[in-house]
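Colleague: Got a minute? I'd like to go through this model with you.
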Amino acid sequence: MKKVVCVLFGGKSSEYKVSLMSASSVIENLNRNKYEVINIGITRDGKWLRYYGDIEDIINDTWYLDNCSDILFNPCKDGGILEIKENELIPLKIDLIFPVLHGRYGEDGAIQGLLEILSIPYIGCDIASSAICMDKDYAHRLVEDSGIKVPQSLVLNGNMVKEDIKRFSEKAGFPIYVKPASEGSSIGMTRAMNKDELIRGIEEAFEFDNKVVLEENIDGFEVGCAIIGNEELIIGEVCELELPNGLFLDYKEKYKVKNINIHIPARIDNLLKDRIINTAKDIYRILGCSGLARVDMFIDKDESIIFNEVNTMPGFTTTSIFPKMFISSNMTYGEILDQLIEIEIGDCK
Ligand SMILES: Nc1ncnc2c1ncn2[C@@H]1O[C@H](COP(=O)(O)OP(=O)(O)O)[C@@H](O)[C@H]1O
Ligand SMILES: [Mg+2]
């Protein structure tokens, strides 16, 4: 009997479209000799639908118009997920869920909580770890507590305290990064070059979150380390992002890549590479990650490693950085998926 793997895509997040792209690649590449694949989409307003149509309509974002049936949850023991078909409730046998969802409700512990209540195993970090990694402030505090450097920051909870902001900007100097604490894909984020831009940036960030983080600018370059595993960790090649001066990795750069150069492997010596990998593994464990995550860090002018963030569901298209880091260390995209599944439910040969 083949194991049934259910791919979740879409979701009530500003990264809905990113999820459609990631999930399309996952659905296309899951090995049908090993797994039976079920697709469930979540619309922008949160409706769950089992989807029977083509991958193209996921990519075009027309998937929910046709070839769908409604979904219900039954939280009772072994109740799980039910499909409504011709007025009948049909329990879905699912061995494992792959929530290919980015951002809020997907990466923040919410979906993980729902799946725990439904007793369905899933790929990726658990509730607590997802929630902590999603909040840039909490993640920084825990990592800093273990002696790893993080950028200087000021956290604003719900309102602007002008005095604090002034003091912070004098200490940190411009540019200052302004981030909603719990967004991804650089949404709501700005790089303020002066006081006016800072105030405008904070107002904008508050439209996305009631917690906003101001961060000093780290002068250096960005690296990422891709990790798969629970106790034993598989590490991909370290990647380096090369950005022209004054630019940062905003939404445009992330998804329409224009000015950024991605180097996999990173152009660094082995000593620094080992330090990056060891720090990334430490961060993965400190934040209680499991399944997979991409740990992003800055390397400053003195080659110090400074933690930026952990993405617990990094972009997952065949050309996204996370898979490419493993592909570069001689795994195929399909093997990456096999590994993720194997960690949770064993080898499905
Ligand atoms: N403190 C910082 N110093 C320098 N660059 C930063 C800093 N914070 C963010 N950036 C830039 O902004 C990008 C997006 O910020 P990040 O915190 O990773 O948000 P997201 O979760 O949206 O990816 C980073 O990849 C980097 O280019
Ligand atoms: Mg980032």
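Modeller: Sure. Helices (H or I, at least four residues) and strands (E, at least two) are DSSP runs, numbered from the N terminus. This is a predicted model: local features need pLDDT of at least 70, side-chain atom pairs count only at pLDDT 80 or more, and totals for chains, interfaces and linings use all residues. Residues are numbered from 1 along each chain as its sequence is written, and chains are lettered from A and ligands numbered from 1 in the order in which they are written.

Colleague: Which strands each supply at least two residues of the shell around ligand 1?

Modeller: β9 (176-180), β11 (211-216) and β17 (305-311).

Colleague: And how many residues surround ligand 1?

Modeller: 18 residues, each near it (C-beta atom, placed from the backbone, within 6 Å). The closest are Ser186, Glu215, Ile218, Phe248 and Leu249.

Colleague: Where does ligand 1 lie relative to the domains?

Modeller: Between domain 2 (131-149 + 218-312) and domain 3 (153-216), because both give residues to its shell. Those bounds come from an automatic or database domain assignment. The assignment also gives domain 1 (3-124).

Colleague: How far apart are domain 2 and domain 3?

Modeller: Their C-alpha centres lie 21 Å apart. The contact (C-beta atoms, placed from the backbone, within 7 Å) takes twelve residues from domain 2 and 13 residues from domain 3.

Colleague: What gives the most to the domain 2 side?

Modeller: Helix α5, with three residues.

Colleague: Let's stay on α5. Which of its residues are buried?

Modeller: α5 covers residues 136-145, and Lys136, Asp137, Ala139, His140 and Val143 are buried. A residue is buried if 20 or more other C-beta atoms lie within 10 Å of its own, exposed if 12 or fewer, and partly exposed in between; C-beta atoms are placed from the backbone. The five cover an arc of only 165° around the axis, so they sit on the same side of α5. That arc is taken from the directions from the helix axis to the C-beta atoms.

Colleague: What covers them?

Modeller: The cover includes α4 (127-134), β8 (153-157), β9, β11, α9 (270-286) and β17.

Colleague: New topic. Which peptide bonds are cis?

Modeller: Phe174 to Pro175 is cis, with omega near -5°. Pro175 lies in the loop between α6 (162-172) and β9. Ile264 and Pro265 are also joined by a cis bond, with omega about -5°.

Colleague: What about the phi of Asp78?

Modeller: Phi of Asp78 is positive, near 60°. Asp78 lies in the loop between β4 (68-74) and β5 (80-85).

Colleague: Is Asp78 buried or exposed?

Modeller: Exposed, with 9 other C-beta atoms within 10 Å.

Conventions: Two residues are in contact if their C-beta atoms, placed from the backbone, lie within 7 Å.
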